[in-house]
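Reader: I would like to go through this entry by question and answer. Please keep the replies short.

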Amino acid sequence: MTVNVVTYARISIDRDERSESPERQVALCQQRIEQEGWHALGQPYVDRDESAYKSRRPRPSLERMFAAIEAGGVDVVIFWKLDRLTRNRSEEH
């Protein structure tokens, strides 16, 4: 059975592309996808310089990812750290 996966990465302030950079987050997620033998769907969803602390500020890639999930075909969402995905998330999804 094929497991279809999308990747989400976010960084609030990207000053110097250090250990928590979206590129590093995506690379670590890609390693896991390969280890599990999952199928990555499309490009990773990345929000750069998008704070989740400010609840009224939109996260465009996150919203596109949720639209893709709602459209169907996504079995798993993979992310580096839980707070990259869920902090101050509206109750819509």
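Reader: With which residue does E36 form a salt bridge?

Author: This is a predicted model, in which local features need pLDDT of at least 70, side-chain atom pairs count only at pLDDT 80 or more, and totals for chains, interfaces and linings use all residues. Residues are numbered from 1 along each chain as its sequence is written, and side-chain values use heavy atoms, with hydrogens and water left out. A salt bridge requires a side-chain nitrogen of Lys or Arg within 4 Å of a carboxyl oxygen of Asp or Glu. For E36 the closest N and O atoms are 2.9 Å apart, and the partner is R32.

Reader: Why are E36 and R32 separated by about one helical turn?

Author: Helices are DSSP runs of H or I with at least four residues, strands are runs of E with at least two, and both are numbered from the N terminus. E36 and R32 both belong to helix α1, so their separation of about one helical turn follows from a spacing of 4 residues.

Reader: How many salt bridges are there in the whole structure, and which parts does the one between E23 and R48 tie together?

Author: The search of the whole structure gives 2 salt bridges. In the one between E23 and R48, the closest N and O atoms are 2.3 Å apart. E23 is in helix α1 and R48 in strand β3 (residues 45–48), so the pair ties together parts 25 residues apart in sequence: α1 and β3.

Reader: Is T7 buried or exposed?

Author: Buried means under 20% relative accessible area, exposed over 50%, and partly exposed in between, with a 1.4 Å probe and protein chains only. T7 sits in strand β1 (residues 4–11). Leaving aside neighbours within four places in sequence, T7 is in contact (heavy atoms within 4.5 Å) with V26, C29, I33, P44, Y45 and I78. Its relative accessibility is 7%, so T7 counts as buried.

Reader: In which sense do β1 and β3 pair, and which residue of β3 is the bridge partner of R10?

Author: Two strands pair if DSSP finds at least two bridges between them. β1 and β3 have 4 bridges, in the parallel sense. The partner of R10 in β3 is D47.

Reader: Which side chains of β3 are buried?

Author: In a regular strand the side chains alternate between the two faces of the sheet. In β3, V46 and R48 point to one face and are not buried, while the residues that point to the other face and are buried are Y45 and D47.

Reader: How far apart are the end C-alpha atoms of helix α2?

Author: The expected span is 1.5 Å times one less than the number of residues. Helix α2 (residues 60–71) has 12 residues and should therefore span 16 Å, which agrees with its end C-alpha distance of 17 Å.

Reader: Which residues of α2 are buried, and which are exposed on the other side?

Author: The buried residues in α2 are S61, L62, M65 and F66. They cover an arc of only 140 degrees (taken from the directions from the helix axis to the C-beta atoms), which puts them on the same side of α2. Exposed on the other side are E70 and A71.

Reader: Where is confidence lowest among the elements, and where is it highest?

Author: pLDDT is the predictor's confidence in each residue, from 0 to 100. The mean for the protein is 80, and 70% of its residues reach 70 or more. Confidence is lowest in helix α3 (residues 82–86), at a mean of 62, and highest, at 96, in strand β2 (residues 39–40).
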